[in-house]
Structures are given as C-alpha cells and as structure tokens.
Amino acid sequence: ALALALRAPLLLQLATRAGRVVGQLNARQTSAMNVANAIAAETLRESRAVAALGARQQVVAEYRAAVGTYTDVVAQTLLAETVLRFTSLLIKSVSEWVLLVWGLASVRAGRISIGLLMAFYAYERKFSQGTVVLQNMALELQSMRPTCARYFELLDREPRMSYNGTVPRTFHGEIELRNVSFDFAQHGLASDAAKRDRRHERADEDAGTLQGVNLKIRPGEVVAIAGPSGGGKSTLLLLLLRLYDPNGGQVLLDGADLRSLDVAWFRSHFGYVPQEPALLDRSVADNVAFGMPSPPPPSALSHVLQLAGADAFVDALSSGIDSRVGEGGRSLSGGQRQRLALARALARRPRVLLLDEATSALDAEGERHVLAALRTLNATTTVMVAHRLSAVLSADRVVVVVGGKVVESGTPAELSTAGGWFQRNFFPPIDPER
Ligand SMILES: Nc1ncnc2c1ncn2[C@@H]1O[C@H](COP(=O)(O)OP(=O)(O)OP(=O)(O)O)[C@@H](O)[C@H]1O
Ligand SMILES: [Mg+2]
C-alpha cells in the first residue's frame, strides 16, 4: 500500500516537470501565432504597396514559414502531452497489474482475504483516478500560463504620465521650451539598430533627438519650423502636445510646466495636424468631429471645411458630409485627406495650432488659400513645420532645427541673408554655369 501511495507524488512530479515543458511550448505557440498574424495584418493593410512592389511571393513565403513554425510547435506540444499521458498511464497500469499479481499470490498463501484485496483494489483505482485529474489540471494550467502572464502584464501596467493637473482659468497660448532634451531611446522606443548606434555615440554626452532646445513663442505668433529631414521637427510638436515628456528641461504653456496641467484640458485647446493625416473609416462629418465633446453645428462644419479648402470636394461626394472615407481615408486623394485633417483641427477652435507639413500635399493654389485662411485666425498661436518656401514665408518667424538643435531663428527676411541653413536651402546662389 505504501509503495502505491508513493506513486502519486511521483506521477504529480512527472506532471509538473513535463507540464513545464508543455508550458514553454505553449508560450512558443502563442508567439509563433502572433508573428503569423502580424504578417497577415500588415499585408492586408498595405495590400496596394505589396502588389505594386511585386512583394506578393515574398509575403506569401514569409507567411507560410510563420504558419509552418506555428504548426511545428503545435505538433511538438501534442507529442509532449501524449508522451506524458502515455507514461503516466503506463505507470498506473503496471502498478495495478503488480498489485493484482501480488495480491492474488497473497490471497492464495492465505495472508489476506479476497474481500480485502478487492476493497483495496477499488480504493486504489479511485485514488489513481484522482491523480489523473490532478495531472490533467496541471497540464491545463500550464497551457493557460502564457496568455495569463500577458494578461496580468497588461493589467499591471501603470501609465507613464499622470493625466490630472490644474486647470487654469485663462488660456493665452504662450509656448516655451526651456533647455529641452529628448531621446526616444530613453522611452524604450528606438529601434534595435538605433540603440546599437547610440551605444557608440554615448561618449558624446548630448546625443539624442532633441538637445537643449530653447524657444519662446508669443500668443498669436505664427512660427515656422524648418530644417532637414530627421532633424527633430515632428518630435518637437509631440512634446508640445505632451505625447512624450522631455528627458531634460521643461515645456511651458503660459508659464506653467505642461506636467502640472490637466492634459485633457490643454489638449482641448490644441489643434494638431500630423504629418500623416489619421482618418478613420467614418463619415466626413464624424471625422471632423472626432474627439470633440459635441459635434459642431452644420454651419460651423461647413465653415471649417471651407477654411481648409475641403468644401468643394466634399460637396462632390455622393453623400456629401455623410460619405464614408474608407479605412485611413483610402477613398480620398492625399491632398483631400490633408484638407480634411486641417478642417478637423480647425473645428476645435484651437488656441494653439500645430501643423506638421499640413499643406505639403496641396497644390500651390490650395496652399495659398489655406495659409491665407490661417492668417484670419488672429488669436491662434501657430507652430507649423514646413519644407516649402511658400509656407515658410507666410510665418512671422522661422526657427531652423538641425540635428535636434535650434541653429537659426528670425524673420524669413532676416534669415534669407544670414548665410545659414535657411539661406543655403531656400535661396541658393544661382550657378551661372547652368
Ligand atoms: N517613434 C520613434 N521612435 C524612435 N525614433 C524616432 C521615432 N520618431 C522619430 N524618431 C527619430 O527621431 C529623429 C527625429 O525625427 P522627426 O520625426 O522629429 O524628424 P523630422 O525633423 O520631423 O523629419 P522630417 O522632415 O523627415 O519629417 C529621427 O532620427 C527619427 O529616426
Ligand atoms: Mg517630421
């Protein structure tokens, strides 16, 4: 009896050991499935690019390989589970068999009665069934582990920033960046390649996306941010929206650190047009009103559509402002998407307008119309990232950002003869040889 009782912990040991292996295999199953799903989702989202670039076969092969990895892991898991179940069944059957043989021998020798043997045998079966149930539970728990681990990881996440803060009574729209430094790597966002590069750069103390930026913008001022690609212009706008906090220095709004203010409050006064217009598969009207506490009345809606130069094409759509724009605004042209994104920013009657290349996809005429319309919003502080001379010239002041630093600041007229990046790029000397 003792020998049989000892068998139970042995079986459970086996179950937990093997269960751990099964658990690891289950975790690999989940991640293999995620890889395959990510390829499928990306391919469907970018189906046009996939077709145009002739990448069909490549993605099919990649997907097939990912699914192959997944099915391999599934097969391994099943094998491990089968081996485990078979081994424990074997232990169970062999021991029962030994019990019967030994018991019958004992009965024959007259050491125990047949009744006692039968009773013991029945108890033993009940007991081993219990062990099997425990073993199956151990396996089941292991298979749920990766999903549960991920689930609890998400539940335990703490927001990086607090959204609560003070709500000042007034809003003027003065913006200041005071010695602001920012590094995506410190937010865990840099790509692996960028991280590797950074490690070599670390000797250079102030490496980062933005480095010691000082900039003060008066209420109502229109400031253009110019500079080479990758210089940090878009990042600067993200910091103004407090989508990230700086690693060093302060971003101030009307003299108050952004971190001390209620995030929902100040963002409700901001209008933002990102470099890539983010449209949703909803109607034109719903896209414009997206995120607003209440949708703008029809007159306000048509006013902002007109300011953004979107009225003509929206009127031409089959259902006007009720027409859906498709996923990401697919059914619109690039310039139309941009106009809609502008209308959305203006509909909030922003006191601070942040435009990231917001007129880059417009034709010259359309851009002139929008820039002139922006000029009519007198009380609005405007920060616009711009690559085109026409947009830059419409600003009160130009700030040039190169390599994460402000290298020039002044009126377009001043900078056009200052001999710096601005003049070199927008007013290059005419080569008489050509
Ligand atoms: N989400 C991100 N994660 C990691 N690095 C990023 C991220 N976004 C931007 N960067 C890096 O930060 C730097 C500045 O990028 P940013 O988008 O601000 O440039 P930009 O001046 O707006 O350029 P462009 O004129 O091409 O729009 C780049 O080197 C870029 O690789
Ligand atoms: Mg940019």
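**A walk through two cavities and a sheet**

Start by selecting strand S4, residues 248-253: three residues of this strand make up the largest share of the lining of the second largest cavity. Keep in mind that you're looking at a predicted model. To see the whole wall, add Ile175, Leu240, Leu258 and Phe270 to Val251, Leu252 and Leu253. What kinds of residues are these: nonpolar, polar or charged? Colour them by type and you'll find seven nonpolar, no polar and no charged. The space they enclose comes to about 30 Å³.

That's one of two cavities of 30 Å³ or more in the structure. For the largest, jump to helix H12, residues 364-375, which gives three residues, the largest share of the lining. Show Val222, Leu371, Leu374, Arg375, Met384 and Ser394 together and you have the full lining. Here the mix is four nonpolar, one polar and one charged, around a volume of about 50 Å³.

Next, switch to cartoon view and pick out the six strands of an open sheet, in the order S6-S7-S8-S3-S9-S10, with mixed pairing. At its edges sit S6 (270-273) and S10 (405-410), each pairing on one side only. Follow the strands across and the twist averages 15 degrees from one to the next.

Now zoom in on S9, residues 397-402. Five bridges tie S9 to S10, and the two run antiparallel. Select valine 399 and look across to S10: serine 409 stands opposite.

Last stop: helix H11, residues 334-347. H11 lies across S6 and S7 (352-356), and runs at about 175 degrees to S6.

Conventions: Residues are numbered from 1 along each chain as its sequence is written. Chains are lettered from A and ligands numbered from 1 in the order in which they are written. This is a predicted model: local features need pLDDT of at least 70, side-chain atom pairs count only at pLDDT 80 or more; totals for chains, interfaces and linings use all residues. Side-chain values use heavy atoms; hydrogens and water are left out. On a 1 Å grid over the protein atoms alone, a cavity is a set of points where a 1.4 Å probe fits but cannot get out, and a pocket is an open set with protein on both sides within 12 Å along at least five of seven lines; lining residues have an atom within 4 Å of a point. Grid points are joined across faces, edges and corners, and a volume is the space filled by probe spheres set on the points. Helices (H or I, at least four residues) and strands (E, at least two) are DSSP runs, numbered from the N terminus. Ala, Val, Leu, Ile, Met, Phe, Trp, Tyr, Cys and Pro count as nonpolar, Asp, Glu, Lys and Arg as charged, and the others, Gly among them, as polar. Two strands pair if DSSP finds at least two bridges between them. Axes are lines fitted to C-alpha atoms, for helices over the stretch in contact, and angles run from 0 to 180 degrees between N-to-C directions. Contact means heavy atoms within 4.5 Å.
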